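Student: I would like to understand how the descriptive terms used for a model are justified. Could we work from each value to its definition?

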Amino acid sequence: MSDEPLDLDLVQQALARWGEPFTPEREHAFRQYGQLLLQWNERINLTGLAEWSAIQRRLLVESLALLPWVDRACERKTPCRMIDVGTGAGIPGIPIAVVRPSLAITLLDATAKKIRFLETVVRELRLSNVVAIHERAEVLAHQPAHRGRYHLATARALAHLATAVELTLPFLARGGLALFPKGSGIEQELAESQPALALLGGELLAVEPLPLADLVGTTSTLVVVRAARPCPAPYPRRPGIPAKRPLGEVSRKE
Ligand code: SAH
């Protein structure tokens, strides 16, 4: 890898759009994170994106695109508790942690080596507001310290929306928000997820174009779900079942 400092122009522009300063501390944190990502990605598969420009656009800027909704979910919550389910390399959790140090953020992933990477990131960037947990959502969501305890949940590229909803809503307190950045053309996926939403107490709050599309370079959709009613105790189902038999499908087959 070259020693050229990584270009953070798009991160800077994304922050400017939200009226956020690009402080030397933030610049340093994004640069360190980018360097660690590129280094570790040579050894373990953290992201399919190899080029820095694509990583900056698709991972960093796309994470920062969620900021207005993050702030809305966290309004008057001190501290605001957020969980990033299936965080992978820390997307969107790490970029959000860098610009919102007051949030208490849990990064959750079922793959141990990704959690080892994230522990390194947390240490090197001194993110005292972030904890990385190696567990499956199906298991952690039944633990009292985590069930119904978060104001905000995020899940990017985790699964079909019906599955993602089952793996995130149980973590939310009543009124909490779940943010799902998705691709374009998701009408069918939305329709297929209606039974899961109804069963798990979720209410579709917004389906809108993900902001900063010009900087991200692709059109994405943001799905926002509100935990309107408590999630019934049996959910999420056993590990693997939410992905294997998404809720609507089960009822159609039965
Ligand atoms: N959010 C990241 C990673 C997406 S890949 C991004 O947008 O780039 C999906 C990740 O979810 C993988 O790292 C995988 O290990 C994790 N994952 C899949 N099912 C999971 C589950 N049931 N519980 C916890 N993590 C899960």
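Student: What makes the place of E135 a loop?

Tutor: E135 sits between β3 (130–134) and α7 (137–140). Helices are DSSP runs of H or I with at least four residues, strands are runs of E with at least two, and both are numbered from the N terminus. E135 falls in neither of these two elements and is therefore placed in the loop between them. The model is predicted, so local features need pLDDT of at least 70 and side-chain atom pairs count only at pLDDT 80 or more, while totals for chains, interfaces and linings use all residues. Residues are numbered from 1 along each chain as its sequence is written, and side-chain values use heavy atoms, with hydrogens and water left out.

Student: Why is E135 called partly exposed?

Tutor: Its relative accessibility is 25%. Buried means under 20% relative accessible area, exposed means over 50%, and partly exposed lies in between (1.4 Å probe, protein chains only). E135 therefore counts as partly exposed. In the chain, buried residues make up 55% of the 254 residues.

Student: Which residues does E135 touch, not counting those up to four places away in sequence?

Tutor: They are L108, D109, A110 and L140, where contact means heavy atoms within 4.5 Å. A110 is 25 residues from E135 in sequence, yet their C-alpha atoms are 4.8 Å apart.

Student: How do you know that D109 is close to the ligand?

Tutor: D109 is listed among the closest of the 16 residues that surround the ligand, together with G86, I91, E138 and R156. A residue is near a molecule if one of its heavy atoms lies within 4 Å of it.

Student: What makes the pairing of E138 with the ligand a polar contact?

Tutor: An N or O atom in the side chain of E138 is 2.9 Å from a nitrogen atom of the ligand. A polar contact is a pair of N or O atoms within 3.5 Å; within protein, one must be able to donate a hydrogen and the other to accept it, and residues adjacent in sequence count only if both atoms are side-chain atoms. The E138 pair therefore qualifies. A polar backbone atom of I91 lies 2.8 Å from a ligand nitrogen, and a polar side-chain atom of K114 is 3.0 Å from a ligand oxygen.

Student: Why does the chain agree with a compact globule?

Tutor: For 254 residues, such a globule would have a radius of gyration near 18 Å, and the chain has 17 Å, which agrees. The radius is taken over C-alpha atoms, and the rule is 2.2 Å times the number of residues to the power 0.38.
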